[in-house]
Amino acid sequence: MEQIVKDIAKIINATIFGNHCFKVKGVSSFDDAESQDITFAIDSKYLSDLQQTRAGVVIVPETFKIDQNNCKDIIVLKTRNPKASFFKLVSLFHPEKIQLPCIHNTSGIGYNVKFGKNPIVESNGFIGDNVKIGDNVHLMPGVYIGDDVFIGDNTLLKPNVTVMEKTRIGNNVIIHSGTVIGSDGFGFTQDAGTHEKINHIGYVCIGNNVEIGACNTIDRGTLGMTIIGNGVKTDNLVHIAHNVKIGDNTLIVAQVGIAGSTRIGNNVIIAGKAGITGHVTIGDNCIVGPFAGVYSDVPENQIVSGVPHMPHNLWRKVVRIITRLPEMRKALFSFEKRLKNLENK
Amino acid sequence: MEQIVKDIAKIINATIFGNHCFKVKGVSSFDDAESQDITFAIDSKYLSDLQQTRAGVVIVPETFKIDQNNCKDIIVLKTRNPKASFFKLVSLFHPEKIQLPCIHNTSGIGYNVKFGKNPIVESNGFIGDNVKIGDNVHLMPGVYIGDDVFIGDNTLLKPNVTVMEKTRIGNNVIIHSGTVIGSDGFGFTQDAGTHEKINHIGYVCIGNNVEIGACNTIDRGTLGMTIIGNGVKTDNLVHIAHNVKIGDNTLIVAQVGIAGSTRIGNNVIIAGKAGITGHVTIGDNCIVGPFAGVYSDVPENQIVSGVPHMPHNLWRKVVRIITRLPEMRKALFSFEKRLKNLENK
Amino acid sequence: MEQIVKDIAKIINATIFGNHCFKVKGVSSFDDAESQDITFAIDSKYLSDLQQTRAGVVIVPETFKIDQNNCKDIIVLKTRNPKASFFKLVSLFHPEKIQLPCIHNTSGIGYNVKFGKNPIVESNGFIGDNVKIGDNVHLMPGVYIGDDVFIGDNTLLKPNVTVMEKTRIGNNVIIHSGTVIGSDGFGFTQDAGTHEKINHIGYVCIGNNVEIGACNTIDRGTLGMTIIGNGVKTDNLVHIAHNVKIGDNTLIVAQVGIAGSTRIGNNVIIAGKAGITGHVTIGDNCIVGPFAGVYSDVPENQIVSGVPHMPHNLWRKVVRIITRLPEMRKALFSFEKRLKNLENK
């Protein structure tokens, strides 16, 4: 595949500085690029000297100031959002494999299953009864779909995903391998020291444009719903318990755990390995730091860190002091002596 | 489905206050209930004003005092254990789907496999050689059962569960999707800087009435057994290493990790994201707090929290002080000055 | 199976103290052994009194001093590496089941798939197009192999493993059940408050002699590679993000998470539940403690612990003081009073 700079600039709406007719043969990272690749630069350490890359063409922000020194042999394309522009080109140079619609004969299909246009159901899958599947849905090998599930248009389930009964999944959703949607919540009734199983009759409801990482576990509601809002993205090995509600466009990084009935607002970022206790509310636009343990409500627009969580600025001070605790303790011992000396005078 | 209050009261052994002939059409949570639903209340915030729910019928504890104000239009049922009573009704209103015994022809069955009565083996599964399966066992699609496995009566394995060779599973067990039982432990011999694989010949032994969450990993014993006691319940993404022994009726919440050869007593609760090091013993009836890191033995009946773990009451004091470290450090600086002033007098 | 001590000593290159003709019937741990078992002892608590085991034969280090008291009725074998010697015997007494080469007819095989000698592809698997598979490769039931994957000689993939397109796996690799290799990284472009999916075109490259635990998630590189070096071993539920590079013979314990583009050196040990942030470098031979949170580069040969990480020796002091914070705070209050008294004199 080959594209000339002029055509690329049209596709990503860029201004060209340099040879309009240069042939681009591939996309690559700033560090790994070859001479006929296109790449992008947004960090100052890259922008300060574009000559650090071997790439022939670099996409930079509109605000970048070109001079003789910083890019003498490099063709520069300026766009509003260089990263988004670059990944548009990645898709152009690496188009996804086209698969023909097909329901593989090793996949069991239940009663009253309604498919939309162009279904792809690969091998060794299972679809239960009363399932409704939208247009252009793609179920990769080994996917399990329980009874009464609804899947919206253009949704892709990767190999070995498990979707338990009654789950509702929106349009343009991607679910990565090994993930389990709609497992029973961790709830029991106690009687005479034993824990009795309760029947979980709720379900999981996933919005549109959601991406769920690999090996996630999202439990069904005990009675009502567990809700994943529109545009939510989760990383790998994330646990979301029964009846949790996650607002739109929230990001949840790897190995986060969210306990039962907690509500997370819109546009929240929960960093890796953070844990959030049950029955609390995290407001819109909050950021929860990595490894944080959130034990109570967090009002909107807050940044919190630490176990238990505290304002991020306080946590930054606290962690600096924690490594000085041994010297603080020594100071206390010396003060004790000096006080005694003074008191005995 | 419809049940009259009189019949419901009989099923859950309740005393009725209100209309015996009221028709109940469904079960629901206190907050989401409609006028013909039955719900339950045990928290004081609900019991203080039953009018907060729209439900027609509420199950309450025997000790609840009824008066004109707290439940004027509501039918009240008193039982010994309202939550257990309610979930008995949930099962009544939402009976589980009945599946006919069947061994699906896409599931491979090894040599010398013995099935009990009414087996259900769904599609795309695999059962190895010399496997013994009890009565009413249900293997959902994509389940793998290795050689020499034993599975007790009434046990249910959800889709895409992996059970490696020699595992023993008791009666009335549920294992959720994506879980791996009997993987090799993380043990190697070191020789000249490399780590040599050792042959793990032990196995996992799971008792009766156990429920294992989704995407758990329970390793086989290196030589002997990894033991999960009767009535144990684990949440999602739990890791249990080789040769761990877990006592009866212990609860293990999501994302907990337990390292090799550790022993956990009976009736222990290990809260979410806690980690327990190898070769230690946690006594009966202990509670390990969320995010706790347990590095040594914990005697029975203790509550511990923190990293490393400490008595929970101490930890509560410690975490309150941690946020005050910046002011403590400031105090130290001022004391230094004031001491110098006094010393120079 | 039965072996006489003389033959065993030859196999593990041991010196015999005791009956050369004793018949050994099995291998077992020190605590569980029966009278005709062989076991090993390396810890001083075992070596101090070998009579604590019921085993007939015990393998001990070459440096062990034999006298009448410490091993009167026990046959002793001395070797350079008792643990390695013992597990050599474990493999002898418990040989692995031999399976005949076979490609099961329920596994779908794509176009242009090249198998080496003696392939075993068990049931309900899937192999995509343009896949190259080495000699003696064994794919257990339910394994998914995407397009353009390369798998080296003698590699074993356990049931329900998912290997996404373009992954490269070396020789003598074992991947445990439920693990996902080559899932998309957690990377998006932001535009007007939403997170746009980017096309991940990189891949995962796994070296030789690697063992990956159960339910791991190893993401593909966004553009380039995610690299797992030769001899690396990971425990269960480990997360390795896009473009991470892990050096040779590094050990990664359960539930560790490593964020994007981080580089881990050779011979590193990362203990359970530790988290390492993105874009940092951990030098060769480092040890990262359990539960540690590493936020910045760690030079080679360091031992670090804590959140955020600090030198392990400092952390040991800090955690001892943390439990004394309440008494330190009390001391501060009393100093305040005593200072006031002195100042008012």
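**Notes on the α5 pair, the chain A–chain B contact and two sheets**

1. A pleasant place to start is the helix pair, where α5(A) and α5(B) cross in a left-handed manner. Please keep in mind throughout that this is a predicted model. The two helices, residues 325-344 in chain A and residues 325-343 in chain B, pack with their axes 11 Å apart and at an angle of about 30 degrees. Because angles under 35 degrees count as roughly parallel, α5(A) is described as roughly parallel to α5(B).

2. Now to the side chains of that pair. From α5(A) come A:M328, A:A331, A:F335, A:R338 and A:L342, which meet B:R329, B:L332, B:F335, B:L339, B:L342 and B:E343 of α5(B). By class, the residues of this contact are eight nonpolar and three charged, with no polar ones.

3. Stepping back to the whole interface, 50 residues of chain A are in contact with 51 residues of chain B. On the chain B side, the elements giving two or more residues are α3 (82-93), α4 (312-322) and α5. The most comes from α5(B), with eight residues. The chain B side as a whole has 21 nonpolar, 21 polar and nine charged residues, so you may like to view that make-up beside the helix pair, where no polar residues appear.

4. Within chain B, I would look next at strand β6 (residues 57-61). Four of its five residues are buried, so β6(B) is largely enclosed by the rest of the structure.

5. Which strands pair with β6(B)? One is β5(B) (residues 37-40), in the parallel sense over three bridges, with B:T39 opposite B:V58. Another is β7(B) (residues 75-79), which runs parallel to β6(B) and is joined to it by five bridges. There, B:V60 has B:K78 as its bridge partner.

6. Chain C offers a sheet worth tracing by eye. It is open, has nine strands and pairs in parallel, in the order β10-β13-β16-β19-β24-β27-β30-β33-β36. The edges are β10 (114-115) and β36 (281-282), each of which pairs on one side only.

7. For a closer look inside that chain C sheet, try β19(C) (residues 168-169) and β24(C) (residues 203-206). These strands are paired in the parallel sense over two bridges, and C:R168 stands opposite C:C205 of β24(C).

Definitions and conventions
Residues numbered from 1 in each chain as written. Chains lettered and ligands numbered in written order. Predicted model: local features only at pLDDT ≥ 70, side-chain atom pairs only at ≥ 80, totals over all residues. Buried ≥ 20, exposed ≤ 12 C-beta atoms within 10 Å, placed from the backbone. Pairing = 2+ DSSP bridges. Axes fitted to C-alpha atoms, helices over the stretch in contact; angles between N-to-C directions. Parallel < 35°, antiparallel > 145°, perpendicular 65-115°, else oblique. Left-handed = near helix turned anticlockwise from the far one by under 90°. Contact = placed C-beta atoms within 7 Å. Nonpolar A, V, L, I, M, F, W, Y, C, P; charged D, E, K, R; others polar.
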